[in-house]
Amino acid sequence: MSIRQNILNIRRNLPSGVSLICVSKYHTVQEILEAYEAGERDFGESRAQELEQKAKVLPNDIRWHFIGHLQRNKVKQVCKYACMIQSVDSERLLRCIDQNATPLTDLLLEVHIAKEDTKTGLQPHELFSLLQNIGRTPLKNTRICGLMGMASQTDDNKQIALEFASLHSLFDKVKTEYFPDDNSFATLSMGMSDDYPIAIAQGATMIRTGSLIFAQDE
Ligand SMILES: *Cc1c(COP(=O)(O)O)cnc(C)c1O
(Lines give C-alpha, C1' and ligand atoms only; values in the text may rest on other atoms or scores of the structure.)
Protein backbone atom coordinates (compact mmCIF):
# COMPACT_ATOMS: atom_id res chain seq x y z
CA MET A 1 0.00 0.00 0.00
CA SER A 2 1.06 3.56 -0.66
CA ILE A 3 2.07 6.08 1.98
CA ARG A 4 -1.09 8.04 1.16
CA GLN A 5 -3.23 4.95 1.70
CA ASN A 6 -1.46 4.12 4.97
CA ILE A 7 -2.16 7.63 6.21
CA LEU A 8 -5.81 7.45 5.22
CA ASN A 9 -6.16 4.19 7.13
CA ILE A 10 -4.72 5.68 10.30
CA ARG A 11 -6.64 8.94 10.01
CA ARG A 12 -9.88 6.98 9.62
CA ASN A 13 -9.35 5.50 13.11
CA LEU A 14 -8.20 8.71 14.74
CA PRO A 15 -10.72 10.37 17.07
CA SER A 16 -10.91 14.16 16.82
CA GLY A 17 -8.60 15.72 19.36
CA VAL A 18 -5.83 13.17 18.74
CA SER A 19 -3.01 14.48 16.59
CA LEU A 20 -0.74 12.40 14.41
CA ILE A 21 3.04 12.64 14.20
CA CYS A 22 4.51 10.91 11.14
CA VAL A 23 7.77 9.47 12.41
CA SER A 24 10.05 9.84 9.41
CA LYS A 25 13.39 8.78 10.91
CA TYR A 26 15.36 6.58 8.48
CA HIS A 27 12.97 7.52 5.66
CA THR A 28 13.87 9.59 2.64
CA VAL A 29 12.99 13.14 1.69
CA GLN A 30 10.93 11.71 -1.17
CA GLU A 31 8.89 9.55 1.20
CA ILE A 32 8.32 12.50 3.52
CA LEU A 33 7.10 14.56 0.55
CA GLU A 34 4.56 11.87 -0.25
CA ALA A 35 3.15 12.16 3.25
CA TYR A 36 3.31 15.95 2.97
CA GLU A 37 1.33 15.85 -0.25
CA ALA A 38 -1.23 13.66 1.48
CA GLY A 39 -1.73 16.59 3.87
CA GLU A 40 0.56 15.74 6.78
CA ARG A 41 2.53 18.55 8.43
CA ASP A 42 3.85 17.04 11.69
CA PHE A 43 6.94 14.85 11.37
CA GLY A 44 9.16 13.21 13.97
CA GLU A 45 12.91 12.73 13.81
CA SER A 46 15.27 11.21 16.35
CA ARG A 47 18.71 12.39 15.22
CA ALA A 48 19.98 15.96 15.07
CA GLN A 49 21.98 15.52 11.89
CA GLU A 50 19.17 13.80 10.04
CA LEU A 51 16.68 16.44 11.19
CA GLU A 52 18.90 19.23 9.90
CA GLN A 53 19.50 17.59 6.53
CA LYS A 54 15.81 17.04 5.97
CA ALA A 55 14.54 20.34 7.35
CA LYS A 56 16.87 22.27 5.07
CA VAL A 57 15.39 20.82 1.89
CA LEU A 58 11.76 20.20 2.84
CA PRO A 59 8.88 22.74 2.95
CA ASN A 60 8.98 25.42 5.63
CA ASP A 61 5.54 24.73 6.98
CA ILE A 62 6.50 21.28 8.26
CA ARG A 63 6.42 21.11 12.05
CA TRP A 64 9.36 19.01 13.19
CA HIS A 65 9.14 17.09 16.44
CA PHE A 66 12.33 15.79 17.99
CA ILE A 67 11.64 12.44 19.64
CA GLY A 68 15.06 10.81 20.14
CA HIS A 69 17.53 10.88 22.97
CA LEU A 70 19.09 14.35 22.84
CA GLN A 71 22.66 15.14 23.84
CA ARG A 72 23.39 18.61 25.11
CA ASN A 73 25.96 19.29 22.40
CA LYS A 74 23.21 18.81 19.78
CA VAL A 75 20.66 21.09 21.42
CA LYS A 76 21.47 24.20 19.35
CA GLN A 77 21.20 22.28 16.11
CA VAL A 78 17.87 20.75 17.11
CA CYS A 79 16.37 24.00 18.44
CA LYS A 80 16.96 25.61 15.06
CA TYR A 81 14.46 23.28 13.40
CA ALA A 82 12.21 21.60 15.94
CA CYS A 83 8.96 23.24 17.02
CA MET A 84 8.65 20.66 19.76
CA ILE A 85 11.16 18.48 21.64
CA GLN A 86 9.31 15.48 23.06
CA SER A 87 12.23 13.69 24.68
CA VAL A 88 13.26 15.90 27.60
CA ASP A 89 14.54 13.39 30.13
CA SER A 90 16.66 15.37 32.59
CA GLU A 91 16.79 18.78 34.20
CA ARG A 92 20.27 19.40 32.78
CA LEU A 93 18.93 18.87 29.29
CA LEU A 94 15.88 21.01 30.02
CA ARG A 95 18.00 23.94 31.23
CA CYS A 96 20.30 23.58 28.25
CA ILE A 97 17.37 23.72 25.83
CA ASP A 98 15.91 26.70 27.68
CA GLN A 99 19.17 28.62 27.20
CA ASN A 100 19.38 27.85 23.51
CA ALA A 101 15.79 27.91 22.35
CA THR A 102 15.07 30.77 19.99
CA PRO A 103 12.30 31.27 19.23
CA LEU A 104 10.12 29.65 21.85
CA THR A 105 10.28 25.85 21.80
CA ASP A 106 7.55 23.58 23.10
CA LEU A 107 8.61 20.63 25.22
CA LEU A 108 7.25 17.37 26.49
CA LEU A 109 8.77 15.64 29.49
CA GLU A 110 9.55 12.01 28.70
CA VAL A 111 8.55 9.62 31.45
CA HIS A 112 9.81 6.07 31.85
CA ILE A 113 6.76 3.80 31.96
CA ALA A 114 8.05 0.58 30.37
CA LYS A 115 9.12 -2.47 32.34
CA GLU A 116 12.43 -2.73 30.47
CA ASP A 117 15.11 -0.43 31.81
CA THR A 118 16.54 0.08 28.33
CA LYS A 119 14.04 2.82 27.57
CA THR A 120 14.92 6.37 28.54
CA GLY A 121 12.80 8.82 30.45
CA LEU A 122 12.33 10.38 33.86
CA GLN A 123 11.24 8.24 36.75
CA PRO A 124 8.09 9.69 38.34
CA HIS A 125 10.00 10.98 41.39
CA GLU A 126 12.49 12.71 39.07
CA LEU A 127 9.60 14.24 37.15
CA PHE A 128 8.17 15.80 40.30
CA SER A 129 11.48 17.13 41.57
CA LEU A 130 12.13 18.68 38.16
CA LEU A 131 8.71 20.37 38.27
CA GLN A 132 9.43 21.71 41.76
CA ASN A 133 12.70 23.18 40.54
CA ILE A 134 10.97 24.87 37.62
CA GLY A 135 8.62 26.48 40.14
CA ARG A 136 11.68 27.98 41.86
CA THR A 137 13.65 28.85 38.71
CA PRO A 138 11.19 29.39 35.86
CA LEU A 139 11.89 28.64 32.22
CA LYS A 140 12.49 31.57 29.87
CA ASN A 141 12.42 30.34 26.28
CA THR A 142 10.54 27.08 26.52
CA ARG A 143 7.23 25.88 27.79
CA ILE A 144 6.23 22.46 29.00
CA CYS A 145 3.22 21.26 27.02
CA GLY A 146 2.75 17.77 28.41
CA LEU A 147 4.22 14.29 28.78
CA MET A 148 5.55 11.63 26.43
CA GLY A 149 6.11 7.93 27.03
CA MET A 150 6.79 4.58 25.39
CA ALA A 151 5.25 1.31 26.51
CA SER A 152 7.13 -2.00 26.83
CA GLN A 153 7.67 -3.97 23.67
CA THR A 154 5.45 -6.91 24.44
CA ASP A 155 2.47 -8.78 23.03
CA ASP A 156 0.74 -8.43 26.37
CA ASN A 157 -1.87 -5.79 25.58
CA LYS A 158 -2.99 -5.61 29.20
CA GLN A 159 0.51 -4.69 30.27
CA ILE A 160 0.69 -2.00 27.60
CA ALA A 161 -2.70 -0.61 28.63
CA LEU A 162 -1.56 -0.47 32.27
CA GLU A 163 1.57 1.44 31.33
CA PHE A 164 -0.36 3.97 29.26
CA ALA A 165 -2.93 4.30 32.04
CA SER A 166 -0.14 5.06 34.50
CA LEU A 167 1.17 7.81 32.22
CA HIS A 168 -2.32 9.24 31.88
CA SER A 169 -2.78 9.40 35.63
CA LEU A 170 0.63 11.05 36.03
CA PHE A 171 -0.43 13.57 33.39
CA ASP A 172 -3.61 14.39 35.34
CA LYS A 173 -1.65 14.75 38.55
CA VAL A 174 0.97 17.04 37.01
CA LYS A 175 -1.75 19.11 35.33
CA THR A 176 -3.66 19.56 38.58
CA GLU A 177 -0.65 20.29 40.75
CA TYR A 178 1.57 22.34 38.46
CA PHE A 179 -0.39 23.64 35.45
CA PRO A 180 -3.99 24.09 36.62
CA ASP A 181 -4.52 27.37 34.70
CA ASP A 182 -2.12 26.75 31.86
CA ASN A 183 -3.93 25.72 28.68
CA SER A 184 -0.70 24.94 26.89
CA PHE A 185 -0.11 21.93 29.15
CA ALA A 186 -2.43 19.64 27.19
CA THR A 187 -0.45 17.02 25.30
CA LEU A 188 -0.22 13.35 26.22
CA SER A 189 1.99 11.81 23.54
CA MET A 190 1.82 8.02 23.62
CA GLY A 191 1.32 5.23 21.14
CA MET A 192 3.40 3.99 18.19
CA SER A 193 2.59 1.81 15.17
CA ASP A 194 2.11 -1.37 17.20
CA ASP A 195 0.18 0.02 20.13
CA TYR A 196 -1.51 3.27 19.14
CA PRO A 197 -5.12 1.98 19.42
CA ILE A 198 -4.38 1.03 23.04
CA ALA A 199 -2.84 4.46 23.65
CA ILE A 200 -5.91 6.20 22.24
CA ALA A 201 -8.19 4.09 24.44
CA GLN A 202 -6.06 5.22 27.41
CA GLY A 203 -6.37 8.91 26.60
CA ALA A 204 -3.53 9.82 24.24
CA THR A 205 -3.90 13.23 22.60
CA MET A 206 -0.99 12.61 20.22
CA ILE A 207 0.32 9.44 18.61
CA ARG A 208 3.67 8.89 16.87
CA THR A 209 3.62 6.35 14.06
CA GLY A 210 6.46 5.55 11.70
CA SER A 211 6.54 2.07 10.23
CA LEU A 212 2.77 1.94 9.77
CA ILE A 213 2.97 4.98 7.50
CA PHE A 214 6.23 4.49 5.67
CA ALA A 215 6.39 0.71 5.34
CA GLN A 216 5.23 -0.10 1.82
CA ASP A 217 4.85 -3.57 0.44
CA GLU A 218 5.74 -3.46 -3.19
C1 LIG B 1 10.72 5.34 16.25
C2 LIG B 1 9.84 5.96 17.25
C3 LIG B 1 8.44 5.99 17.07
C4 LIG B 1 7.74 5.34 15.89
O5 LIG B 1 7.89 3.95 15.94
P6 LIG B 1 7.07 3.01 14.93
O7 LIG B 1 7.07 1.70 15.60
O8 LIG B 1 7.84 3.02 13.65
O9 LIG B 1 5.71 3.58 14.78
C10 LIG B 1 7.68 6.67 18.01
N11 LIG B 1 8.23 7.25 19.09
C12 LIG B 1 9.55 7.24 19.31
C13 LIG B 1 10.09 7.92 20.51
C14 LIG B 1 10.40 6.60 18.40
O15 LIG B 1 11.72 6.58 18.63
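Two strands count as a pair here if DSSP finds at least two bridges between them. Keep that in mind while walking through this predicted model, starting with strand S4.

S4 covers residues 82–88 and is mostly tucked away, with 6 of its 7 residues buried. On one side, look for strand S3, residues 63–66: S3 and S4 run parallel and are joined by 3 bridges. To pick out one of these links by eye, find His65, whose bridge partner in S4 is Met84. The chain gets from S3 to S4 by way of helix H4, residues 75–81, and the three elements together form a right-handed β-α-β unit.

Now follow S4 onward to strand S5, residues 105–112. These two are also parallel, again with 3 bridges between them. Ile85 is a handy landmark here, since its bridge partner in S5 is Leu107. To get from S4 to S5 the chain passes through helix H5, residues 91–100, in another β-α-β crossover that is right-handed. So S4 has a parallel pairing with S3 and one with S5, because at least two bridges are enough to make a pair.

Next, the ligand. Which residues sit around it? Going along the chain, you'll meet Val23, Lys25, Ile67, Met150, Met192 and Ser193, and then the run Arg208, Thr209, Gly210 and Ser211. Sorted by character, this shell has 4 nonpolar, 4 polar and 2 charged residues.

Three polar approaches are worth zooming in on. Lys25 brings a polar side-chain atom to 2.8 Å from a ligand oxygen. Arg208 uses its side chain too, with an N or O atom 2.9 Å from a nitrogen atom of the ligand. Gly210 takes part through its backbone, where a polar atom lies 2.8 Å from an oxygen atom of the ligand. As for cover, the ligand on its own would expose 390 Å², and the protein buries 85% of that.

One last stop: Glu40, in the loop that links helix H2 (29–37) to strand S2 (42–45). Is this loop residue buried or exposed? Its relative accessible area is just 3%, so Glu40 is buried, given that the cut-off for that label is under 20%. And what does its side chain make a polar contact with? The partner is the side chain of Arg11, at 2.8 Å.

How values were computed. Residues numbered from 1 in each chain as written. Predicted model: local features only at pLDDT ≥ 70, side-chain atom pairs only at ≥ 80, totals over all residues. Heavy atoms only, no water. Near = heavy atom within 4 Å. Polar contact = N/O pair within 3.5 Å; in protein donor to acceptor, adjacent residues only side chain to side chain. Areas by Shrake-Rupley, 256 points an atom, 1.4 Å probe, with all protein chains shown as cover. Nonpolar A, V, L, I, M, F, W, Y, C, P; charged D, E, K, R; others polar. Buried < 20%, exposed > 50% of the residue type's maximum accessible area, 1.4 Å probe, protein only. Helix = DSSP H or I, 4+ residues; strand = E, 2+ residues; numbered from the N terminus. Right-handed = clockwise from strand over helix to strand, strands pointing away.
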